[in-house]
Each structure stands twice: as C-alpha cells, then as structure tokens.
Amino acid sequence: MDDLSRRNVLRVGGTLGALGALSALAAPASAQPWHWSPAGSVPGTGSGADPRQTWDTQADPLVASLLDRGDVPKVNELLRTWKKNGQPLPAGLPSDLREFMEQARQLPSWTDQNKLAAAVRFNEKRGLYLGVLYGFASGMMSTVIPKEALAVYYSKGGANMKNRISKTAKLGYDIGSRNAFQADGEMIVTSVKTRLVHAAVRHLLPQSPHWTHMAPEDVPISQHDMMVTWHSLPTTAMRNLNAWNVKVPTDESDGFLHSWQLSAHLLGIEDQYIPATWNDAESQATQVLDPILAPTPEGIKLADILLDLGAGLDFTLLTRPILGALTRFMLGNEIANWLNIPREPVWSTLLETAWGPFVKVREGLLPVPLAPHAYWTFDELLRQFVLLYMSELRPISIEIPEFNNPN
Ligand code: HEM
C-alpha cells in the first residue's frame, strides 16, 4: 500500500472524513427499498428487480471459468489484436468466450443512427469541455463513490494508477470519436473488453483479504454500482454544462445521451436500468448517485494520486493547485473538503469569477473577452487536458486482470 498504512490514511483523511466513510459503509443504500421504475428505462418496461442484487449473469460465470481454467493470459494476448468494432474476433479464443463475445458486441435493436450522428455534432462542439469534465468532474467523483473507490484501490489497477487512468481515458476518448460505434471505431471493443474486466473483478476481489475486510458487500460492481458510475460520467458532464449555461440543442444532448445508453448496454447494464431521457436520468441519479457520495480513506488516497496527474510533465497548467481548484469548482466545496483539497486563493477565485464569462465567449455569446488573460488561460487549460489524454495517457490495451492489488 505505498508505505501508507490504513492508520496513516485515516490520519491524512482526518477524523471527519473517516467518520463519514465509516457511516457511509455502515448504512449502505441497500437499506432502502429500490423504487426507480423501469417505466423510465429505454425499453420502458422490466422486472424492476433490485439492481443491488444483480450483477452480470452472462459474463460473470464465463470469466470466472476462464480464470479458473488458466485461460486468461492466452485470451489477453489474442484480444490485444482485436481493436476495431468491425474486426472479426481473433482465431483461437475459447469457444464459450467467442460465443459470448459475438453476441455481446451486437448493438441493440434500439440503436438510432440519427442520434449517433447528433452525438458526433455534440462531441465536435463540446469535446474541449468534455476532456476536463470526464477527467476532473467524473474522475474525481469516482473517488467519493465509496464502493468504486474500494474496488479500484484493492484491484490490480490500484497498484498503478497512471496506467489505470490511461485505460479509463480510452473509454472517454473512444466514445467521443466520430466513428465510435461504426465498424472502424473502437467503442464497442472497449466496452466489451471492459465488461470482461468487470466480470473478472467480481471473481477476484472477494479473494482479496484487504477488500473483504472493508467492503460492505460480498460481490462488487452490481448493476446498481454500474449505474452510479454511469451517472458520474454523462449525467455529471451534462449537469456541469447546464451549470455553465452552455446551451446544447436538444437533438445533440439526446444524441450524447444515446451514445452513453449504448455504452451502458455494451458494458452489460440491463436495459431496464438505462434511463430513457435526461429527465429519467436525473430522477435516477438523485436516487442512486447523490445520496451515496462520501469520503473513504481509499478514495482520499486515489484523489491525492489524481491531483498529481500532471506532475513531471510539460503541462504548465495541470499543476496540483490548479487541478485542486478545478475539482472544488466543478464538484463543490463539500466534496473538495472531504478530499482534503485546500481552497486555492488565486485559482478558486479566478474560476468562480471568470469561468462563466469565458464559457460565454467560447459559446459566441460575448463578442470580446472581458478578461483576455483569463480567457486565454482557460482556453489553454482545456487544450492541455486534451493533449494530456492524447500524448501522456496514450491508450493501452484493456486486459482481463488475473490478480488483485498485491500491496
Ligand atoms: C476497469 C470503465 C463501473 C471498478 C474498468 C475499465 C474501464 C472501466 C474502461 C478498464 C480499465 C482498466 O482495466 O483499468 C467503467 C465504466 C463504468 C464502470 C464506464 C460504468 C458505467 C465500475 C464500477 C466499479 C468499477 C461500478 C466498482 C464498483 C473497476 C475496477 C476495474 C475496472 C476495479 C479493474 C481495474 C484493474 O484492472 O484492476 N472500468 N467502469 N467500474 N473498473 Fe470500471
């Protein structure tokens, strides 16, 4: 654990943070009945079964069997060559895996190519904001989703966060690319591989003494957990864009939602839990996401690592104080305080006063930058995020883990 004993983390986290974490774990959301109706889902119907008691019925037993049979190294090696959505699966895969993947890679019948075309327009216009939103609103939020923070910290990827962030950034990159779901795109491949990774984590983490000691559940990454994380991505991005008064045409915001509905499906989330509209997404997020956010010692440590993402690199604006101020600005004071991120006098003030006008200028609503220096600084900040993803966080192959974080 990086020389960092649990006791130290608790001390770093501060008593309040630790108490918050413990109470969050002691009173899991499952204490309340599940009442989000499948009427608000993409198919508009479903069993309504509690998603906290449902995982991935198809992928989980299959990947557990691959791990038990010792097939994973061979499978990872073969899948390294499988990159494009339209590419045939590599020869030599175990037949049960091949059969599953052939079906799992199919887009659902409700795929709407017009909406995907609108998503491309959305990504082209708002891509610059999305870099910072996925990276710092969603990425930092994941550290205050207690069950996700625990799973990430104690799984294999927790031992090398930079590497893990690159793989997660790949998903954000792939979903925003022009051809995301087309034959020459990569989002279907990335989602199906991630589905396999999650199934492996469900088999492996229960074998980690660290995780079992801390986790409030027997098996991680339920359908409910996946929707929580899903909301930390598109719903949180859209909430921020709305807060910044970015006016997104309805067809484009619907297109953006659609691309994430498809991703949810490909990640193995049952259609009955995927919200049909932004209103449905909001109603679900207020039930599943907002109430469960809380600090944990593990999440505080992960956030600390994320704040150093730009350290040692050539990005003058991706410094710890600026990234901290961005987190505070996008996720609010409560979450920043949980994560022990100090208020940064210069940058917090600048963001609070100049970000609104900056967005207006970028959106063509103000003709001349009111504060030219702040304008160019923010523009450069967005650009450096995109560059960070494209250069430093070069996508690496997403592979099925075979073990947990050994530390
Ligand atoms: C792996 C995305 C939900 C925990 C991954 C990877 C991606 C990803 C792209 C592959 C990167 C890698 O191998 O490191 C997503 C998305 C989700 C979601 C888009 C929901 C929409 C969750 C949830 C949890 C979780 C709910 C835990 C509660 C993990 C863990 C790994 C992983 C532990 C494996 C890291 C390792 O190799 O050790 N996820 N995830 N994910 N995810 Fe998720």
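Sorted by class, the shell around the ligand holds 10 nonpolar, five polar and six charged residues. Here nonpolar covers Ala, Val, Leu, Ile, Met, Phe, Trp, Tyr, Cys and Pro, charged covers Asp, Glu, Lys and Arg, and the others, Gly among them, are polar. This is a predicted model, where local features need pLDDT of at least 70 and side-chain atom pairs count only at pLDDT 80 or more, while totals for chains, interfaces and linings use all residues. Residues are numbered from 1 along each chain as its sequence is written, and side-chain values use heavy atoms, leaving out hydrogens and water.

Let's look at the ligand. Of the 21 residues around the ligand (a heavy atom within 4 Å), S155, K156, G157, H198 and T229 come nearest. The table gives some N or O pairs with the ligand (polar contact: within 3.5 Å).

| Residue atom | Ligand atom | Distance |
|---|---|---|
| S155, polar side-chain atom | oxygen | 2.9 Å |
| K156, backbone N or O | oxygen | 3.1 Å |
| H198, side-chain N or O | nitrogen | 2.9 Å |

Which helix (a DSSP run of H or I, at least four residues) gives the most to this shell? That is α10, with five residues.

Now meet H231, which sits in helix α10 (residues 223-243). H231 counts as buried (under 20% relative accessible area, 1.4 Å probe, protein chains only) because its relative accessibility is 0%. The H231 side chain makes a polar contact with the side chain of Q284, at 2.7 Å; within protein, one atom must be able to donate a hydrogen and the other to accept it, and residues adjacent in sequence count only if both atoms are side-chain atoms.

Methods
Helix = DSSP H or I, 4+ residues; strand = E, 2+ residues; numbered from the N terminus. Buried < 20%, exposed > 50% of the residue type's maximum accessible area, 1.4 Å probe, protein only.
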